[in-house]
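Please open the model in your viewer and keep the sequence panel beside it, with residue selection switched on. The stops below are given in the order in which they may be selected.

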Amino acid sequence: MQQAVPENLPELVDLHAFPIHAPDSAGYVAAVDDARIGLRSEGCAVLGSFVRPGAVARLNDEIVERKHATHYSTQVINPYFHTALNPDYPADHPVNTFIERSSGFIPGDAWGTGCATDVLFRAPEVARFIADCLEIGALYCYDDPLAGLTSNICDPGQQFTWHFDTNDFAVTVLVQPADEGGLFEYVPQIRSADDEGFDAIAAVLAGGRVGVRTLELRPGDLQIFRGRYSLHRVTRVGAGSRPRHAAIFAYTLAPGVIGRVARTRQLFGRVLPAHEEAERRRVRSDALLD
């Protein structure tokens with residue numbers, strides 16, 4: 001029995017290579033299996049050219065149209081997004097190692113319903129496919145009004161330094177790579193829920209390259225990444241380069257999830273009443289630093 005292809009999806013996703021509309025097909029199973037191999041071994045899967053070239057151009061146009069809404073910030077942070085020294089740790093400890101973070105985010109409330117980026121983010125077929133790759137039952141679009149659908153902007157001279165995510169995984173689409181720099185680097189599973197991995201983290205922050213992986217992503221590549229446990233960064237974009245644009249699709253394991261107040265303010269420069277209410281009700285899932 002032939003399955004109906006959702007409207008607009010063939011224009012956005014290469015359904016021949018990634019038949020996300022047909023979860024019972026051999027192609028779907030093969031694509032999921034390939035992603036699971038990377039996620040199990042390295043906490044990272046790259047689905048090359050997931051988004052069609054024409055759709056990539058549309059996504060970039062939508063980012064450019066909204067760049068006026070970007071919240072840029074420059075901070076000196078540790079890998080846990082803290083900005084102040086902690087006297088409980090030595091001076092050379094990762095908690096007290098601070099590096100420049102300079103980049104911008106287009107907030108969720110800048111995207112209109114029905115634009116290509118929003119359609120791709122909210123397509124149930126995309127969420128189901130990513131959930132299968134991650135080997136979890138279901139995913140829901142992140143309900144955060146600012147951080148659900150975003151774009152990370154690294155303009156010339158900017159970098160997103162070594163850090164951990166507060167969520168277990170991240171989903172991004174590279175829309176426009178930098179001409180120079182702007183490479184995604186990570187150290188897979190450098191910490192766990194039971195071990196902060198401070199010694200290994202300190203070595204990387206000091207310039208060590210043991211365990212560091214570098215990805216040269218291409219426009220349209222979709223990346224699924226477990227950033228809660230893997231230290232990662234985007235290297236500095238060259239001074240004469242074009243900006244690096246990436247779309248960020250945030251999903252959660254349950255509906256109605258809202259982000260942390262402190263991290264939201266750092267990345268978007270503001271919080272909304274929904275963030276403050278969620279903070280009062282929040283229950284932590286682990287004891288890791290963030």
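**First stop: strand E8 and its sheet**

Begin by selecting strand E8 (residues 184–187) together with strand E9 (residues 213–215), which run antiparallel and are joined by three bridges; helices (H or I, at least four residues) and strands (E, at least two) are DSSP runs, numbered from the N terminus, and two strands are said to pair if DSSP finds at least two bridges between them. Before going further, note that this is a predicted model, in which local features need pLDDT of at least 70 and side-chain atom pairs count only at pLDDT 80 or more, whereas totals for chains, interfaces and linings use all residues. Residues are numbered from 1 along each chain as its sequence is written, and side-chain values use heavy atoms, with hydrogens and water left out.

Within this pair, Tyr 186 stands opposite Arg 213 in E9. Now add strand E11 (residues 231–234), which pairs with E8 in the antiparallel sense over four bridges, and find Glu 185 opposite Arg 233 in E11. In a regular strand the side chains alternate between the two faces of the sheet. In E8 both faces are covered, with Phe 184 and Tyr 186 on one side and Glu 185 and Val 187 on the other, all of them buried (buried means under 20% relative accessible area, exposed over 50%, and partly exposed in between, with a 1.4 Å probe and protein chains only).

Widen the selection to the whole open sheet, whose four strands follow the order E6-E11-E8-E9 with antiparallel pairing. E6 and E9 stand at the edges with a single partner strand each, so one side of each is left without a neighbour in the sheet. Neighbouring strands here are turned by 15° against each other on average, direction ignored.

**Second stop: the seven-stranded sheet**

Next select the open sheet of seven strands, ordered E1-E10-E7-E12-E5-E3-E2 and paired antiparallel. Its edge strands are E1 (44–47) and E2 (71–77), each of which pairs on one side only, and the twist averages 25° from one strand to the next. At the E1 edge, E1 and strand E10 (residues 222–225) pair in the antiparallel sense over four bridges, and Leu 222 in E10 is the bridge partner of Leu 47.

Helix H2 packs on this sheet, where it touches E1 and E10, and its direction makes about 150° with that of E1; axes are lines fitted to C-alpha atoms, for helices over the stretch in contact, and angles run from 0 to 180 degrees between N-to-C directions. Contact means heavy atoms within 4.5 Å. Helix H3 (residues 53–66) lies across strand E3 (99–106), strand E5 (149–154), strand E7 (170–176) and strand E12 (244–249), and runs at about 90° to E7.

Within E7, pick out Thr 172, which counts as buried because its relative accessibility is 19%. Leaving aside neighbours within four places in sequence, Thr 172 is in contact with Asp 221, Leu 222, Gln 223, Ala 247 and Ile 248.

**Third stop: helices H2 and H5**

How are H2 and H5 placed relative to each other? Helix H2 (residues 26–42) and helix H5 (residues 124–134) pack at an angle of about 50°, with their axes 8 Å apart. The two helices are therefore oblique to each other; angles under 35 degrees count as roughly parallel, over 145 as roughly antiparallel, 65 to 115 as roughly perpendicular and the rest as oblique. To display the contact, select Tyr 28, Ala 31, Val 32, Ala 35, Arg 36 and Leu 39 of H2 with Arg 128, Phe 129, Asp 132, Cys 133 and Leu 134 of H5.

**Fourth stop: helix H7 and Leu 289**

Move to helix H7 (residues 261–268), which is mostly covered, with six of its eight residues buried. These are Val 261, Arg 263, Thr 264, Gln 266, Leu 267 and Phe 268, and the buried residues of H7 pack against E2, E3, E5, strand E6 (160–163) and helix H8 (273–281). Just after H7, Gly 269 takes a positive phi of about 75°.

Finally, select Leu 289 in the segment after H8, which counts as partly exposed because its relative accessibility is 22%. Not counting residues up to four places away in sequence, Leu 289 touches Tyr 80, Tyr 89, Val 95, Arg 191, Glu 196, Phe 198 and Arg 228.
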